[in-house]
Every structure is written in structure tokens, then in C-alpha cells.
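Here are my notes for someone opening this one for the first time. Have a look at the cysteines to begin with, then at the charged pairs.

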Amino acid sequence: MINRIRKIGKNRFVLTALLLAFIGLGYFSLLRGNNISFRAAFSDVLHSYFWMLFFSFILNRIHTFYHSRSAISVVHISIIAIFSLLVSAITNWYAQWIAGQDKVYFDFLENTFFVRWFILFLLLFVIVQQLWIDKHLQEQNAAFTRLTEKERQLARAEMNNLQQQFRPHFLFNSLNSISALVKLEPENARKMIFNLSDFLRKTIHKGKDDFNSVSDEIDYLENYLAIEKVRFGERLQVSIRCDANCLEWQIPSLILQPLLENAIKYGVNGVVGEVLIALEIKCVNEELAISISNQFDPSAVMSGGTGFGLKSVERKLGLLYQRSDLMRINIENERFIVNLKIPKDAKSNSH
């Protein structure tokens, strides 16, 4: 029932018909209150209602194909004046024809012609203004939809560009490592090539989706770490802890790999000895809390790198959620910590 009422409200012509019917009832009561016969009053109201509805339909069709810049224009006033005069003249002529010998009704028509015309003018004026507002809102909504779609396409293009820049950064490092291992450790070089091939295949597949589950992203990270462990051996220790109820949470695709790569770059490369990199994922209220921490040498961080990985992740989060508070960086006791927050309705916000 409620949905039916809403549909009627959206159909402006149906709403106009109902409004005119309500006004017709009031007009019928007025005629009967002036001692006009039931037959004459009913015929007058029915005839007036038909012509008002007809001209309202014509106005509706006009506004479907024509929309002036101003709500009140010479064109509007002219059309309203002509239509209201036509309705008044036609209904007055018909009313005099059905009046017959009913002198009370005939006198009523003669004395109220201009009043009736003015009321009809006001009714059509209100209808035209409402039609203009509806058309204006439709054009604004269409323009907003086009603008939103254009912004969405630009954001998607920028995210694709960021995604394409993630891969070469890691690929060059891997190829250099393979080149160094070919002569010294050919078996490890062979193993690394297989791991790299598998990793790139999954990267291309995942890059097609905006979102993946936490479980899928962790599996993807395992493939990535298999390559890095061939490069760094026992020096690289990675701890991944994730709450069981967070595994199906949807997060942006490939959002964790560049952060882990950044931790390895400044952790393993910048520190002597074994390095522990910790990834922790928790569900906190309506957000997913992700933390990646690693040991680091402050002087090494200051002297090298452009921070492309961190900036790209922050930019991608901003494009997806239109928020700037989803990524924070902290430094505690010579550990570099990146904290992310992923809203629960992530997937719906991106469309």
C-alpha cells in the first residue's frame, strides 16, 4: 500500500488529477450551497474537471519537451492565460446550455465568470510551476549523475594506474635477485622464477576486482612472501595474525602487498640480522583494524626511498572511501607501524 502511494506521488499527472478531483468536490458543494440543482452542479463540475485535466495533460507534455530557464516567463504566462480563458469560455458555454430555465444557475454563471477564470488561472499557474520544478530537478539530477559517473571513471582510472605502478616496483627487485642467484644458487633461482610466475598470474587475476576477502588477500601474501624468503632466507620472519571472524571481510584488492613490501624494504634491507615483520588484523566495532610493523633504521628511512607504496595505498583508500583518516603511521621503539581502518560497508561505498 505504501509503495503504491509513493508511485502515485512520483506520477505528477496522477497527482494533479487527484488534486483537481478534490477541488471539484469543493466546487460541487459550493454550487449546491447556492441552491443549484444536482444535475446542473454535477454536469458543471464534471465538464470543468475534464477540460482542466485535458489542458493539464497538454501542459505536462509541453514541459516534457520544453523547459525555460526561468520559472516565470512570458511563454508560461501566455500559455496559462490562454488555457484558463479557453477552459472558462468552454465551461461557461456548456453551463449556459445545460442551465435551461434554471435562473439561479444562469445568474451564478454570469456573476462569477471572471472569478472562475481567475481561479482557473491560479490553478494552472500552480500546475505549471510544479511541472517546471519537476523538470528542473530532473535536469539537475541527470547532470549530477553524469558528473558522479565521470568522477567514478576518473577515480577508477587512477586506481588502475596505481595498480599498474605497484607491480614493476616489486618485479624489478625480484629480477635482480634472480640474476644474482643464477650462478651462485641456480636451484633457488629456479624456485624463485616459479614463485614469481605464480605470483604475477594471481596479481593479474586479482587486479580485475576492486575488493577481495581478507582470506584471499592473506593467501596472496603467502605467495608474495615465498618469493621474498628465497631472496632473504632466514633473515626474514613474518608473523600474520587474523581474527577468525574477519576472514570474509571485504577489503580493497592488493592493498596489503605494497605495505608488506615497504616493511621488507626498510626492515630487512635497513637492519642487520633477523627481522620480524608483524601483520595483525582485527575486527573492531564496524571497522577492520590492520596493523603492519617492522624494525627499521631511522637514518636508512630518511636517506632512501620516495614513499611511493605508502602514498599509493593512502591515495587508493581516499578514492574508494572519500576519507583521509583511514591510514596512520606511528614510530615506536624503532618499529615502523602502519595502521589501516577499513569500513564494514566498504564494498557498497565504492559504487
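1. Start with C242, which is partly exposed, at a relative accessible area of 25%. Keep in mind that this is a predicted model. Which cysteine sulfur is closest to the one in C242? That would be the sulfur of C246, 5.2 Å away and too far for a bond. A disulfide needs the two sulfur atoms within 2.5 Å, so C242 and C246 don't qualify at 5.2 Å.

2. C246 does have a partner, though: it forms a disulfide with C283, and the two sulfur atoms sit 2.0 Å apart. In general terms, such a link is a covalent bond between the sulfur atoms of two cysteines. How many disulfides turn up in a search of the whole structure? The count is 1.

3. Now see where the two ends of that disulfide lie. C246 belongs to the loop between β2 (236-242) and β3 (250-252), while C283 is in strand β4 (residues 275-284). With these positions 37 residues apart, the pair links distant parts of the chain.

4. Is C246 buried or exposed? It counts as buried, with 0% relative accessibility. Its partner C283 is partly exposed, with a relative accessible area of 22%. The cut-off for buried is under 20%, so C283 misses it at 22%.

5. On to the charges. Side chains of opposite charge can pair when their charged atoms come close. This structure holds 5 salt bridges, and one of them joins E280 to K282, with 3.1 Å between the closest N and O atoms. Both residues are partly exposed: E280 has 24% relative accessibility, and K282 has a relative accessible area of 38%.

6. R323 is worth a stop, with two partners to look at. It pairs with E287, where the closest N and O atoms are 3.8 Å apart. That salt bridge links distant parts of the chain, 36 residues apart: R323 is in the loop between α11 (308-321) and β6 (327-332), and E287 is in strand β5 (residues 287-295). R323 also meets D325 in a salt bridge, at 3.0 Å from N to O.

7. How do these pairs fit together? Through shared partners, salt bridges join E287, R323, D325 and K341 into one network. As for accessibility, R323 counts as partly exposed at 31%, E287 as partly exposed at 24%, and D325 as partly exposed at 28%.

Terms used. Residues are numbered from 1 along each chain as its sequence is written. This is a predicted model: local features need pLDDT of at least 70, side-chain atom pairs count only at pLDDT 80 or more; totals for chains, interfaces and linings use all residues. Side-chain values use heavy atoms; hydrogens and water are left out. Helices (H or I, at least four residues) and strands (E, at least two) are DSSP runs, numbered from the N terminus. Buried means under 20% relative accessible area, exposed over 50%, partly exposed in between (1.4 Å probe, protein chains only). A salt bridge is a side-chain nitrogen of Lys or Arg within 4 Å of a carboxyl oxygen of Asp or Glu.
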